[in-house]
Structures are given as structure tokens and as C-alpha cells.
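Dear colleague,

Please find below the structure that I am handing over to you, together with its sequence. My findings follow directly after it.

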Amino acid sequence: IGGGSTEVAMEEPAGLRVMSLDIGARSLTEDYLLSEPATVTEVEAARNAVKQLLGEASELLEAADVYLAAGGTACSAALLAGDRWELSLGELRELRVDLSAMSLSDRRAALSFDPPRAEIICGGLLILEELVARAPELIVHISIGGLREGILMAETGAGRVTAPRS
């Protein structure tokens, strides 16, 4: 989940299938979540927009056995959930609702590891929530790595990438 788009990818026997959806944490926030805190009407309009765009990737999303999320929104969710890197739909929803009820300054304090993300975290979590609502077990695994780490894993056959010990 980026600021202006969300990338969905799946490894298949024929190779990697990738789709870029025209919705991200910042664009969703700026287009729909205008009040502080966002109103119920704004959240529902944002949710409907996300559902509509995720519909474009439904074939890809429905074929996946495991959902893995990377990037700032997902990693922030993991850290806010007590450094837990597997979250259920219910846990994501609760986290989004709790953060949405906070003032921007309180969200910045909660996100002390990345205060600027406080402005868009609720939009990003809404996208993640709607993605996980389509996951087979309603669970997402969160990776601290990103695209580069994924390429490294694919090229080397590594099961995971770890940071060097100092």
C-alpha cells in the first residue's frame, strides 16, 4: 500500500502477476477522509471506493492462499499491535477504529517511530482491512522487507532475508 497506489502481486508457476490499483493511503485520505476525525459517511465512502478498486484484482486476490503485506502501513500496524507480524481482520479493524478516534497529535504520538504517517495511517489501514477481508483465513502476514528483499529472495531461493548481525 503506497501513497497513491496499491500493488497486488502473486507468484504463479508461469511467473509473477502484478496489478497496480489506483488507490493508496494518501489518495484515499485526501479524497475521502476529510474530517478530523473522519465521519461515518466519509469512512463508508472510502470503504466503497476501496472495494470497487479491489474488485479489479478479484481474480488475483481470490487465487492467493496467503496474504503478505509490506510497506509503511503494514509495518506500522505490526508495531502498533505490539510487534506482532501476523494480524487478523478483527485486529486490523480494531486498530483502525482506535487510531481514527484519536486526534492527529495523538496519532503522531502513537506513531512515534514514524510521526508523519499519522496523517494517512487510517486510510492505509482501511485499504489493508479490505484486502484482508478477502484473505482465505482473514489473516495477513506482514514483512518488514519490501520489493528489493522480495527480488533478493526470489533470485537466491532464500526463505527469508535477515539483517546482518553487528
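In which loop is the place of proline 37? Proline 37 sits in the loop that runs between α1 (25-31) and α2 (40-55). The peptide bond that leads from glutamate 36 into proline 37 is cis, with omega near 0°. As background, most peptide bonds are trans. Please bear in mind throughout that this is a predicted model.

Overall architecture

The chain contains 8 helices and 5 strands. Read from the N terminus, the order of the elements is β-β-α-α-α-β-α-β-α-α-α-β-α. The chain has 166 residues, and 36% of them count as buried. Among contacts with a separation of 6 or more, 63% are between residues 24 or more positions apart.

Helix α4 and its surroundings

In α4 (residues 72-80), the residues Thr73, Ala74, Cys75, Ser76, Ala77 and Ala78 are buried. The cover over these buried residues of α4 includes α1, β3, β4, α5, α7 and β5.

The packing of α4 with α7 can be described in some detail. The axes of the two helices are 9 Å apart, and the angle between α4 and α7 is about 95°. Angles of 65 to 115 degrees count as roughly perpendicular, and α4 and α7 are therefore roughly perpendicular to each other. On the α4 side, the contact is made by Thr73, Ala74, Ser76 and Ala77, and on the α7 side by Ile121, Gly124, Leu125 and Leu128. Sorted by class, the contact of α4 with α7 has 5 nonpolar and 3 polar residues, with no charged residues.

Leu128 of α7 also touches alanine 69, which belongs to strand β3 (residues 68-70). Alanine 69 and leucine 128 are 59 residues apart in sequence, yet their C-alpha atoms are 8.2 Å apart in space. Leaving out residues up to four places away in sequence, alanine 69 touches Ala74, Leu128, Val140, His141, Ile142 and Ser143. Alanine 69 has a relative accessibility of 12%, which is under the 20% limit, and therefore counts as buried.

The loops on either side of β4 and β5

Beyond α4, the backbone has several points that merit inspection. Glycine 82 follows α4 and has a positive phi, near 85°. Aspartate 83, in the loop between α4 and β4 (86-88), has a positive phi of about 65° although it is not a glycine. For context, most residues other than glycine have a negative phi.

Alanine 81 lies in the loop between α4 and β4 as well. With a relative accessible area of 23%, alanine 81 is partly exposed. The C-alpha atoms of alanine 81 and leucine 92 are 8.8 Å apart, with their positions 11 residues apart in sequence.

Leucine 138 is a further non-glycine residue with a positive phi, here about 55°. Leucine 138 is placed in the loop between α7 and β5 (139-143). At 37% relative accessibility, leucine 138 counts as partly exposed.

Leucine 60 in helix α3

Leucine 60 is part of helix α3 (residues 58-63). Its relative accessibility is 2%, so leucine 60 counts as buried. Apart from neighbours within four places in sequence, leucine 60 is in contact with Val8, Ala9, Met10, Arg17 and Met19. One of these partners, alanine 9, is 51 residues away along the chain, and the C-alpha atoms of alanine 9 and leucine 60 are separated by 7.8 Å.

The second largest pocket

The second largest pocket holds about 190 Å³ of space. Its lining consists of 18 residues, and those nearest the centre of the pocket are Thr29, Leu33, Glu36, Arg107 and Cys122. Two elements, α5 (89-100) and α7 (121-132), give two or more residues to this lining. The largest share comes from α7, with 4 residues. By class, the lining of the second largest pocket divides into 10 nonpolar, 4 polar and 4 charged residues.

Two residues link this pocket to points made above. Glu36, listed among the residues nearest the pocket centre, is the residue from which the cis peptide bond leads to proline 37. Helix α7, which gives the largest share of the pocket lining, is also the helix that packs with α4 at about 95°.

With kind regards

How values were computed. Residues numbered from 1 in each chain as written. Predicted model: local features only at pLDDT ≥ 70, side-chain atom pairs only at ≥ 80, totals over all residues. Heavy atoms only, no water. Buried < 20%, exposed > 50% of the residue type's maximum accessible area, 1.4 Å probe, protein only. Contact = heavy atoms within 4.5 Å. 1 Å grid on protein atoms, 1.4 Å probe; cavity = no way out; pocket = protein on both sides within 12 Å on 5 of 7 lines; lining within 4 Å. Points joined across faces, edges and corners; volume = space filled by probe spheres on them. Nonpolar A, V, L, I, M, F, W, Y, C, P; charged D, E, K, R; others polar. Axes fitted to C-alpha atoms, helices over the stretch in contact; angles between N-to-C directions. Parallel < 35°, antiparallel > 145°, perpendicular 65-115°, else oblique.
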